[in-house]
Structures are given as C-alpha cells and as structure tokens.
Amino acid sequence: MDLKKEILDLKKEKKAVILAHFYQIPEVQDIADFIGDSLQLAQKTMQLKEDLIIFAGVYFMAETVKILNPNKRIIIPDKNAGCSLVDDVDINKVKELISRYPDHVVVTYVNSSAILKTMSYIICTSSNAFKIINSIPKDKGIIFLPDKNLGKYLSSVTGRNMVIYEGSCIVHEQFSLEKIIMLKDKHRNAKIIAHPECEDVILKIADFIGSTSALLDFVSKDTSNEYIVATEPGIIHQMRKKCENKVFIPAPPNDSTCACNECRYMKMITLDKILHSLEKEEYEVTLSSEILEKAKVPLLRMMEIS
Ligand code: SF4
C-alpha cells in the first residue's frame, strides 16, 4: 500500500495528530496536520483535543510539547533527532553563570533541553524574543541562553546589555559570507533573508531578519521575485508553495560542495519512521514530574506574553 495512505489511515484509526516543523523534508511536511515554527507548534498543541501526537521535529521540540501537555502522549519518530545547540550546553557552566550574576533574569531560547528550561525565568523563541526581552524591566540584567548569535542580535536591537552563553547552531553558523556575496552578484535583484541564529556578518548584509514564520510571511507579502534564504532550507518548500512564481535560493555553507545547509537532525524524520511511530507508538517522550512542573513555569510566562 502507498506509504502516505498507510500513514493517513492509521493516523485516523488511532485518532492521532501529526505536527511537523518547517525544517522537515517536504514529504513529511505534506502529510502533517499542522506545520509551523516551534512557537506555532507549541501553541497549536495546547488547543488540540487528540491525546496522541506524532511530533515530526527534533527532540527538544517534542519535549516542549510534552511539558505543555503533560497528559498527552507525545511520540517522536526518531529519538536520536537531537540538536547541536541543545547538546553542546554544559549545565555546570550555566550554573556558574547564574551564580556569578544572581540578580540577572535568565532568558532561555526554546532550543534548549527541559533541564535548561527548569533553570530559566522565561523562555523565548525567535518569533517572540524581542517582545520577551522588552518585557523585562530595564534596570534588570539579562543572562541569555544558549545561542550566542541570537543573543548578540537581540542585544543589538533592544540595546540591552546581556551576559550571553557561547552556544550556536551548526546550521546557522556555517553560512559563507563570501559565497552569499557571490550569489548576490549573480542575482542582483535577489533579497537576502536570514534567521537571527546566523552569524553577525550574515545578518549585516541581510535585507530582512526574522524567525522561520516571519521569513515565510515576509516573502509572501514582499514585492521582490528572488530571495537568497539563509536558514535551514526546509522552509523553502512552504515558500515555493505560497509563492509559486518566485525564486528561492538556499544560502550556501562554508565547507561543503553542497549548495545548501541542511540540519541533519531535522532530516532524520522520514515517512517510514512516522509509520513505525504510529504502529508501535514509539518513541514516547517522558520527563519526570519534577522537570515537567518546573519547566512549565517559564514556558507559560512566555505564552502569556506571546
Ligand atoms: S537547525 Fe540548528 S537549532 Fe535547529 S534543530 Fe538543527 S541544529 Fe538545532
């Protein structure tokens, strides 16, 4: 039987819902009930009646959904779908930072483990980070975890001094300035659009900076016809669907013969694995009740402000 039909039939039989992040492969995006960035997906799950959620994305996102929906069963089709930004954080270094700046407010990017969330005052995503930072009283210092590029960008647009953790995403820190400039030379009318997790040098030449959903929104309203896209290229599938006549060129990475910069973790989720996850109802995301309770507090603070 056709794999897609098998998934859809089983999903219906089990009354499950499939959520997919914008960075998933096109076939996975196309069978999902809802597609979005991490904030949109987290908000969506809180409105769902269904108890079985198949989450096509990376592990920290599935954990976030579990924290917000502790009574639902959250299944990730590949439990090894991690994230460099999350995995490289040294919790002891974070503890050290927090004890060195005890009066600072800890703001943590949603791309973080559940443990890191428990150590935070409030969470932010790239869509709402500006609002979240501005909600913190001006006389308060801020510790920003764990993405250094997003932290530096936020510090520059809000004018706030921040103590920033030195983490980064392997995808967004690898874009090549030189290759992007060469592309721009070839495509003079193309606008460069970039995610704020990119390095400063890339953001400086960008015509527009925003979260994945903001980038999608921008290209659908903007009058240009060509874009160089400096974020994970999975989003280009939705851009092409929304704007059939426009041209989207993935920004190239530094050390590769490949023309785009894919997240290997996001691409671990396949249709076969989704079918398996529906059949066996694995791999279920589980967290201790203590972590669930503690991590929910900063997430709900973010939700209220969003
Ligand atoms: S794109 Fe970067 S931040 Fe997002 S899941 Fe992949 S490694 Fe993590």
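Biologist: Is Lys204 buried or exposed?

Modeller: Lys204 is exposed, because its relative accessible area is 64%. Here buried means under 20% relative accessible area, exposed means over 50%, and partly exposed is in between, with a 1.4 Å probe and protein chains only. Before we go on, please note that this is a predicted model, where local features need pLDDT of at least 70 and side-chain atom pairs count only at pLDDT 80 or more, while totals for chains, interfaces and linings use all residues. Residues are numbered from 1 along each chain as its sequence is written, and side-chain values use heavy atoms, with hydrogens and water left out.

Biologist: Thanks! Which residue does Lys204 meet in a salt bridge?

Modeller: The general idea comes before the case: a salt bridge is a side-chain nitrogen of Lys or Arg within 4 Å of a carboxyl oxygen of Asp or Glu. Lys204 pairs in this way with Asp200, at 3.2 Å from N to O. Asp200 is partly exposed, because its relative accessibility is 44%.

Biologist: Where do Asp200 and Lys204 lie?

Modeller: Both are in helix 11 (residues 200-205), 4 residues apart, about one turn of the helix. Helices here are DSSP runs (H or I, at least four residues), as strands are (E, at least two), numbered from the N terminus.

Biologist: How many salt bridges does the count come to?

Modeller: The count is 14 salt bridges. Let's look at some of them. Glu96 and Arg100 form one, with 3.8 Å from N to O; these two residues lie in helix 6 (residues 91-100), 4 residues apart, or about one turn. Glu96 counts as partly exposed, because its relative accessibility is 46%.

Biologist: What separates Lys221 and Asp217 in helix 12?

Modeller: About one helical turn, because they are 4 residues apart in helix 12 (residues 212-221). Lys221 and Asp217 form a salt bridge whose closest N and O atoms are 3.1 Å apart. Lys221 is exposed at 63%, whereas Asp217 is partly exposed at 33%.

Biologist: Which residues are linked in a network of salt bridges?

Modeller: Lys14, Arg73, Glu281 and Glu284 are linked in such a network.

Biologist: Now for empty space. How many cavities of 30 Å³ or more does the structure hold?

Modeller: On a 1 Å grid over the protein atoms alone, a cavity is a set of points where a 1.4 Å probe fits but cannot get out, and its lining residues have an atom within 4 Å of a point. Grid points are joined across faces, edges and corners, and a volume is the space filled by probe spheres set on the points. This structure holds 2 cavities of 30 Å³ or more. The largest has a volume of about 250 Å³. Of its 28 lining residues, Tyr23, Met61, Asn111, Glu197 and Met266 are the closest to its centre.

Biologist: What is the lining of the second largest cavity by class?

Modeller: Ala, Val, Leu, Ile, Met, Phe, Trp, Tyr, Cys and Pro count as nonpolar, Asp, Glu, Lys and Arg as charged, and the others, Gly among them, as polar. The second largest cavity, about 60 Å³, has 8 nonpolar, 3 polar and no charged residues in its lining. Helix 4 gives the most, with 4 residues.

Biologist: Why does the second largest cavity lie between domain 1 and domain 2?

Modeller: Because domain 1 (3-81 + 266-286) and domain 2 (85-169 + 294-305) both give residues to its lining. The domain bounds come from an automatic or database domain assignment.

Note on methods
1 Å grid on protein atoms, 1.4 Å probe; cavity = no way out; pocket = protein on both sides within 12 Å on 5 of 7 lines; lining within 4 Å.
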